[in-house]
Amino acid sequence: MKKIILTGDRPTGPLHLGHYIGSLRNRVALQNEYQQFVMIADVQALTDNAENPEKIRQNILEVALDYLAVGIDPKISTFFIQSMLPEIAELTMFYLNLVTIARLERNPTVKDEIKNKDFARNIPAGFLMYPVSQAADITIFNANLVPVGHDQLPMIEQTVEIVRKFNLLYGEIFIEPQALVPKEGGRLPGVDGKAKMSKSLGNAIYLGDAADVVTKKIMNMFTDPNHLRISDPGTVEGNVVFTYLDIFDPNKEELEELKAHYRRGGLGDVTIKRRLNDLLQAVLQPIRTQREMYANDKEAVLAILEDGTKAAREVAVATMRKVKKVMRIDYFASL
Ligand code: TRP
């Protein structure tokens, strides 16, 4: 029996380079070794987009296209849509009894999001508790591994707490999952220098961006605001172009020389931006081509989602039978 991966993304927009570095790459690399379930988290997306269901619906296809474009293979990985597994919502209800409001309010990722979204005191209850629903996403598949970006670590931590509590109270039926976050640096800042690349911050390079759009974003990247003339000494730390080169440039020796040159002065921003542009275009071009190919066959993409969702639902139904048994709420065999 292969070990299990469960991971996913909110369909609030197409996926970007941060997703690729943070988690999509790992999913492609591990899909042969693990039985992988990849979830489009529309229920979670609705927790802060209740007034905008059409946006979520449209982005389900965009996210599916991104998965296929980077090489997650629907023949070996199972793609599914979260809302079509009502068992996840059911399990969430039971998990909510194992978590305190105070614990939810301490979740650092949720805290950050609340700040960024300007909810002030009007936090939707569904939003505050989405980490609990995420615990249900993961455990209903009894996933061993969850490939995600660093920002998702608090979710996995909270999932482990819920699993421990559930197993202790009702019976040992769930596995404690582990997060898999990227190693080497792996944290991609936005093109504007903000710590996180994000749809909502408007500082992302999307996997489907046209080549000239990518170039434009790179040419406008945040570098060193004090590096005004080419001859000026420049700073490498916090310089987004160098942060990206650290991740995407395979020639580390040359990169170290470039950094030294930039520091002592005489190396222009345009030169390093051109180097990054060449490297990123080489990564993104095959992804873009695949994406366009699938975008021309939407029927096929929908069929992949439908088949995957059916297969995933069978797993969820089987887990809920076990849950209800150990929770002593399996009243009738016929219902
Ligand atoms: N919270 C994740 C994000 O914002 C999406 C997600 C929902 C997820 N359920 C999950 C990720 C379960 C991993 C496992 O990107």
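**Helix packing and domain contact in a predicted model**

User: How do helix α3 (residues 53-70) and α13 pack, and which word describes α3 relative to α13?
Analyst: In this predicted model, helix α3 (residues 53-70) packs on α13 at an angle of about 130°, and their axes are 8 Å apart. Angles of 65 to 115 degrees count as roughly perpendicular and those over 145 as roughly antiparallel, so the rest of that range falls to another class. α3 is therefore described, relative to α13, as oblique.

User: What is the handedness of the crossing of α3 and α13?
Analyst: On the α3 side, the contact includes Glu-62, Leu-65 and Asp-66, and on the α13 side Ile-287, Gln-290 and Arg-291. The contact residues divide into seven nonpolar, one polar and three charged. The crossing in which α3 passes α13 is right-handed.

User: At what angle do helix α11 (residues 240-248) and helix α13 (residues 269-295) cross, and what does that make α11 to α13?
Analyst: The axes of helix α11 and helix α13 come within 10 Å and cross at roughly 40°. Angles under 35 degrees would count as roughly parallel. The crossing angle therefore makes α11, relative to α13, oblique.

User: How many charged residues are in the contact of α11 with α13?
Analyst: α11 crosses α13 with left-handed geometry. Val-241, Phe-242, Tyr-244, Leu-245 and Phe-248 of α11 meet a set in α13 that includes Lys-273 and Arg-275. By class, this contact has ten nonpolar residues and no polar ones, and the number of charged residues is two.

User: How are α8 and α9 oriented to each other?
Analyst: Helix α8 (residues 130-139) and helix α9 (residues 153-170) have axes that come within 9 Å and cross at roughly 70°. The range 65 to 115 degrees is the one that applies to such an angle. α8 and α9 are therefore, to each other, roughly perpendicular.

User: How many polar residues does the contact of α8 with α9 have?
Analyst: Among the residues of α8 in this contact are Gln-134 and Thr-139, and among those of α9 are Gln-158 and Thr-159. The contact has nine nonpolar residues and no charged ones, and the count of polar residues is four.

User: Which three residues supply 48% of the area that domain 1 buries against domain 2?
Analyst: Domain 1 (4-188 + 297-326) and domain 2 (211-292) have centres separated by 33 Å. In the contact, 13 residues of domain 1 touch nine residues of domain 2. The two domains bury about 980 Å² between them, 69% of it on carbon and sulfur atoms. The three residues that supply 48% of the domain 1 share, more than any other three, are Leu-17, Ala-69 and Leu-188.

Conventions. Residues are numbered from 1 along each chain as its sequence is written. This is a predicted model: local features need pLDDT of at least 70, side-chain atom pairs count only at pLDDT 80 or more; totals for chains, interfaces and linings use all residues. Side-chain values use heavy atoms; hydrogens and water are left out. Axes are lines fitted to C-alpha atoms, for helices over the stretch in contact, and angles run from 0 to 180 degrees between N-to-C directions. Helices (H or I, at least four residues) and strands (E, at least two) are DSSP runs, numbered from the N terminus. A crossing is left-handed if the near helix is turned anticlockwise from the far one by less than a right angle, and right-handed if clockwise. Contact means heavy atoms within 4.5 Å. Ala, Val, Leu, Ile, Met, Phe, Trp, Tyr, Cys and Pro count as nonpolar, Asp, Glu, Lys and Arg as charged, and the others, Gly among them, as polar. Domain bounds come from an automatic or database domain assignment. Buried area is the accessible area (1.4 Å probe) that two parts lose on being put together, summed over both.
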